[in-house]
Amino acid sequence: MLARRYGLWALIVVLVGVAVLPLPDFWITQLNYIGLYSLVCLGLVLLTGVAGLTSFGQAAFVGIGAYSTAWLTLNTGLSPWLTLFIGLGLTAACALILALLTLRMSGHYLPLATMAWGLSLYYLMGNLDALGKYDGLLGIQGLTLLGWEVGQGRGFFALTWAIVVLAALAIVQLLDSRAGRAMRSLRSGTLMAEAMGVSTLRYKIIIFLIAALLASLSGWLFAHFQRTVNPSPFGLKMGIEYLFMTVVGGVGHVWGALTGALLTKLLEDQLQVLLPQWLGTSGSYEIIVFGIVLVLMLKFLPDGLWSFVDRRVPRANRKEDWAGAPDLPARAKPEQGELVLDVQAIRKEFGGLVAVKDISFQIRAGQIVGLIGPNGAGKSTTFNLISGVLSLTSGNVVFRGEKIGGLRSREIAARGMSRTFQHVKMIPDMSVLENVALGTHLRGAKGVVSAMTRLNRSEEKQLFREAQRQLERIGMGAFLHEQAGNLAMGPQRLMEIARALCSDPALLLLDEPAAGLRHQEKLALGGVLRQLRAEGMSILLVEHDMDLVMGICDHLVVMEFGTYLTEGTPAFIQQSPAVRAAYLGTEH
Ligand SMILES: Nc1ncnc2c1ncn2[C@@H]1O[C@H](COP(=O)(O)OP(=O)(O)OP(=O)(O)O)[C@@H](O)[C@H]1O
């Protein structure tokens, strides 16, 4: 725990030591390059490690930062400190356009798109006369800061590493915030995040911009350090190398970016000298070694070298400093018995298959309604139509008097409907408390800049207080600091319910909450649901466990082959010959 708390200070002490000790200039130069690479890799940690978006095109953003300051300082005489911001602006504009064009792509299309823009920008730099074609631009001025030379050697070292440490710190703080939790939820797909009210595209764009800006900043420093720019350090090969460094260091860890940049650069230098000596011939043999190292790393240490350290350093529980935080604002709740949900002849067709055929039913405030039927009856599809995960073919859903058919799931969540999933969706490497705090997303407002600068602390306390309150409400107060991935199935499902409750819903949709639970856990779940109803919550339950359904539901709606079969009290449904026949698969 001490290691985590004082790790950053240890790094700063080492950096100051390097700056003042009489190390050979060669090593300072190497560390300067490592700092420049680290900035790009930090962006890749966010982009690839956190959001799961693979980019081979980061070197192109380095190029935009480098070329814009090179051209502007050489041709207009502007100060590099001004051209920095012009370069960042240009990068942001390019990144925004690329993000809007490519971030909706999934699978292998996004990495291919990043390669395409990496290649395009490389050839653009190499073919424009104004940018000196492949010879590039020469004679770029060094940096000075308040009269100090910081363009070379130790001055540049201090400047670059101060920026790297500040950027790393800002990202660490960002990831531990409302915005950061939303970003961390992106890796497991968009379904859960959207259901918690997160605009996943918006956060992907923000991450893409941050990564591009860090790369551009690195390019600005690079141009004034090298005093010359040409296209080769900004090509696809370098784009791949940045990703290589980050994966080797640990793409899921902020400090993995620095580790990867450091070790890759050091190894590259040593191999460039040693391999030709050993082999008795010159050539880029280090690339071959890197290729082999990467394959072995992906096989045996896929989370990177930093994960090796991370696993061995104990993690302290989050300090519980939110006891006195004020309550989050709560929405007005419907009166007992008021109509909350009115499902009006909803229909879903998948090609020729009618999965849900004109289903109608209602839920009133303070009711637990069960949606039951044999496998494949269309329950989950109905559930997804109501919560906005699937679009309606026809029909409508009215929630608290407002038509919500056609709205996105996050828009429906904002209106007070919250859900859990048939297969638990969580962020396994976050604590239970942090996972549940994701449910408060719509009730907070602080964004990326407040998180990076820690101006979000009072809101964070409110969000964590609410998350703790909801966990205690369902009897999970003892699990706050447990890593979510370590929980058994029962507590995982309860955690999802607590997360859904954090959004202050008027209607809770539970998709097979008892699936995979042991008998005692089912009894505990039944108790929690009864307690929620007693507190005025309305619940729609899709469930196969008939003991649970019959024991807690006020009203049941039965489906079969996508159609409405019947509805009524549990006692009525138990007696219904049509329902029995449906479950037994006989004619009725
Ligand atoms: N995305 C999809 N594309 C095509 N068909 C689908 C899709 N989703 C569901 N279906 C089909 O719609 C029908 C209803 O499926 P659904 O999952 O809603 O049933 P269910 O009652 O929830 O079943 P279970 O109890 O097994 O979860 C099934 O025939 C299923 O194969």
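A residue is taken to be near a molecule if its C-beta atom, placed from the backbone, lies within 6 Å of that molecule. By this criterion, the ligand in the present predicted model is surrounded by Phe-350, Leu-353, Ala-355, Gly-373, Asn-375, Gly-376, Ala-377, Gly-378, Lys-379, Ser-380 and Thr-381. When these residues are sorted by class, the shell around the ligand has four nonpolar, six polar and one charged residues. Two elements, strand 6 (353–364) and helix 14 (379–386), each supply at least two residues of this shell. The most is given by helix 14, with three residues.

The overall organisation of the chain is considered next. The protein chain has 23 helices and 14 strands. Its C-alpha trace spans about 85 × 50 × 50 Å along the principal axes. Of the 588 residues in the protein chain, 46% are buried. Among contacts between residues at least 6 apart in sequence, 74% join residues at least 24 apart.

The unreviewed UniProt entry lists, under "transmembrane region", residues 6–24, 36–61, 81–101, 108–125, 155–175, 205–223, 243–267 and 287–309. Two of the spans in that entry may be described from the model. Residues 155–175 are 100% helix and 0% strand, and the end C-alpha atoms of this span lie 30 Å apart. Residues 36–61, in turn, are 73% helix and 0% strand, with end C-alpha atoms that lie 13 Å apart.

Strand 6, which contributes to the shell around the ligand, also belongs to a sheet. This sheet is open and consists of four strands in the order 6-5-8-9, with antiparallel pairing. Its edge strands are strand 6 and strand 9 (402–403), each of which pairs on one side only. Strand 5 (residues 339–350) and strand 6 pair in the antiparallel sense over eight bridges. The bridge partner of Phe-350 in strand 6 is Leu-353, and both Phe-350 and Leu-353 are among the residues that surround the ligand. Strands 5 and 6 form a hairpin with two residues between them. In the turn of this hairpin, Gly-351 has a positive phi of about 60 degrees.

Strand 5 also pairs with strand 8, in the antiparallel sense and over five bridges. Gln-344 stands opposite Asn-396 in strand 8. Strand 8 (residues 394–399) is in turn joined to strand 9 by two bridges, and these two strands run antiparallel. The bridge partners found in strand 9 are Glu-402 for Phe-399 and Lys-403 for Val-398. A hairpin with two residues between its strands is formed by strand 8 and strand 9. Arg-400, in the turn of that hairpin, has a positive phi of about 50 degrees.

The protein chain is divided into domain 1 (14–233), domain 2 (334–416 + 505–588) and domain 3 (427–503). The C-alpha centres of domain 2 and domain 3 lie 26 Å apart. Between these two domains, 12 residues of domain 2 are in contact with 11 residues of domain 3. On the side of domain 2 that touches domain 3, the elements giving two or more residues are helix 15 (409–414), strand 11 (507–511) and helix 20 (519–534). Helix 20 gives the most to this side, with three residues. By class, this side of domain 2 has nine nonpolar, one polar and two charged residues.

One residue, Leu-480, illustrates how local surroundings may be described. Leu-480 is found in the loop between helix 18 (457–473) and helix 19 (489–501). A residue counts as buried if 20 or more other C-beta atoms lie within 10 Å of its own, and as exposed if 12 or fewer do. Because Leu-480 has 19 C-beta neighbours inside 10 Å, this residue counts as partly exposed. Not counting residues up to four places away in sequence, Leu-480 touches Ser-431, Val-432, Leu-433, Gln-468 and Leu-471. Leu-480 and Leu-339 are 141 residues apart in sequence, and their C-alpha atoms are 35 Å apart in space.

Methods
Residues are numbered from 1 along each chain as its sequence is written. This is a predicted model: local features need pLDDT of at least 70, side-chain atom pairs count only at pLDDT 80 or more; totals for chains, interfaces and linings use all residues. Two residues are in contact if their C-beta atoms, placed from the backbone, lie within 7 Å. UniProt positions are given in the numbering used here, feature names are shortened, and annotations may be inferred rather than shown by experiment. Ala, Val, Leu, Ile, Met, Phe, Trp, Tyr, Cys and Pro count as nonpolar, Asp, Glu, Lys and Arg as charged, and the others, Gly among them, as polar. Two strands pair if DSSP finds at least two bridges between them. Domain bounds come from an automatic or database domain assignment.
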